[in-house]
Amino acid sequence: METMVMSNKQVIFRDYVTGFLSESDLLINSTTVNLKVPAGSMTALVKNLYLSCDPYMRNRMRKPDPSSPATALSFIPGKPISGFGVSKVVDSGHPDYKEGDLLWGAVGWEEYSVITPIPNLHFKIHHTDVPLSHYTGLLGMPGMTAYAGFYEICSPKKGETVFVSAASGAVGQLVGQFAKLMGCYVVGSAGSKEKVDLLKNKFGFDDAFNYKEESDLNAALKRCFPVGIDIYFENVGGPMLDAVILNMRPHGRIAACGMISQYNLQIPEAVYNLWLITYKRICIQGFNTIDYLHKYSEFLEFVLPYLREGKITYVEDVADGLESAPAALVGLFHGKNVGKQLVVVSRDLH
């Protein structure tokens, strides 16, 4: 049988990163890939269509440290980085996937990936009446993150006050909309006027502010939440978390989804008001979406009707071509993205 080989462009991890991630830490390389998987193999060859840029990927660029669980899955220098993506099966030895199937899940940052499909890490796409790109965000890992963090961890009740930081991002824009559907009062913070306008005019937040224009975050939160905050969906960490704790109501809940302000710092910023969590009986819980992916079908049943009815909307920031992927990922840490940042590798479904 003739072996079919294609060129395969990849994003290569140059070396472990200290300080801020730079485009030069990621290299574009070209290799080749066999378009047929070995006979009897349980693998699948997929053509990557969309790749998801996510803040957690910065933590996989740290040098492995046995004392830090954040570096347990560090990328390997000289190898392609990986993340979540939307792909089409080109060839498969796996019984659950056949040529032409669409899926989302863990793939390499490259044009073609050879994967071993794993339950709750790779998901076949059955609903194609919605944009395929949504499976990098709203209908993918960020959507599950918003769903699990808000409903499972925050235990929201109608009428409660909810604050979301990085509120126009992949996860925050959904948390705010979920909270509004619950009948909560919702405020978000973001880093530009354009993003603040999106929060108020497109996503239906009750209020929003640009944290870069606030000299006193505590005062900004007091202005937006005169009676205090019941639920904080934490995406940024640092001084914002400190100010939120001052404004939390007794028995408030904080879902610690991420702390993007800290990922590039060699010395993390201190949080000074933690002592108040005792007196206010505040519950702070970190979580990893991986622990909730078994609920994905339940999530789809919940969110798809809202999406189809136009009751949930989603904004994406699209970078074109694999060559643009390093700049798109780096841009996350400078607030350059408006909405969910993703990369189009190919729009060709053939």
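**Close-up views of a predicted model**

**View 1. Here a lysine meets an aromatic ring.** Lys-124 sits over the face of Tyr-97, 5.3 Å from the ring centre. As in every view that follows, the model shown is a predicted one.

**View 2. Welcome to the aromatic pairs, 22 of them in this model.** A good one to start with is Phe-163 with Phe-209: the ring centres are 5.9 Å apart and the planes meet at 5°, so this pair is stacked. Since Phe-163 belongs to strand S8 (residues 161-164) and Phe-209 to strand S10 (residues 207-210), the pair ties together parts that are 46 residues apart in sequence. Both Phe-163 and Phe-209 are buried.

**View 3. Trp-275 and Tyr-279 make an edge-to-face pair.** Their ring centres lie 6.0 Å apart, with the planes at 75°; planes over 60 degrees apart count as edge-to-face, so the pair falls in that class. Trp-275 is exposed, at a relative accessible area of 53%, and Tyr-279 is exposed as well, at 58%.

**View 4. Here is an aromatic cluster to explore.** Phe-84, Trp-104, Phe-123, Tyr-147, Phe-150, Tyr-151, Phe-178, Tyr-296, Phe-299, Phe-302 and Tyr-306 come together as one cluster.

**View 5. The largest nonpolar core holds 57 residues.** If you would like landmarks, look for Trp-104, Tyr-135, Leu-139, Phe-178 and Tyr-296, the residues with the most contacts inside this core. Helix H1 (residues 141-153) is the element that gives the most to the core, contributing 7 residues. At least three residues come from each of domain 1 (3-136 + 314-342) and domain 2 (139-288). In soluble globular proteins, nonpolar side chains tend to be buried together.

**View 6. Tyr-135 is shown with its contacts.** Leaving aside neighbours within four places in sequence, Tyr-135 is in contact with Val-86, Trp-104, Ile-125, His-127, Val-130, Gly-140 and Tyr-296. Two of these partners, Trp-104 and Tyr-296, also appear in the aromatic cluster. Apart from the largest core lies another core, of 30 residues, and Val-11, Phe-13, Leu-329 and Phe-333 are among them.

**View 7. Finally, take a look at Asp-91, in strand S4 (residues 82-92).** With a relative accessibility of 13%, Asp-91 counts as buried, because the cut-off for that is under 20%. A polar atom of the Asp-91 side chain lies 2.8 Å from the backbone nitrogen of Val-37. Not counting residues up to four places away in sequence, Asp-91 touches Leu-35, Lys-36, Val-37, Ala-44 and Leu-45.

Key. Residues numbered from 1 in each chain as written. Predicted model: local features only at pLDDT ≥ 70, side-chain atom pairs only at ≥ 80, totals over all residues. Heavy atoms only, no water. Phe/Tyr/Trp six-rings, centres within 6.5 Å; stacked < 30°, edge-to-face > 60°. Helix = DSSP H or I, 4+ residues; strand = E, 2+ residues; numbered from the N terminus. Buried < 20%, exposed > 50% of the residue type's maximum accessible area, 1.4 Å probe, protein only. Lys NZ or Arg CZ within 6 Å of the ring centre and 35° of its normal. Core = buried A, V, L, I, M, F, W, Y, C linked by side-chain atoms within 4.5 Å. Domains from an automatic or database assignment. Contact = heavy atoms within 4.5 Å. Polar contact = N/O pair within 3.5 Å; in protein donor to acceptor, adjacent residues only side chain to side chain.
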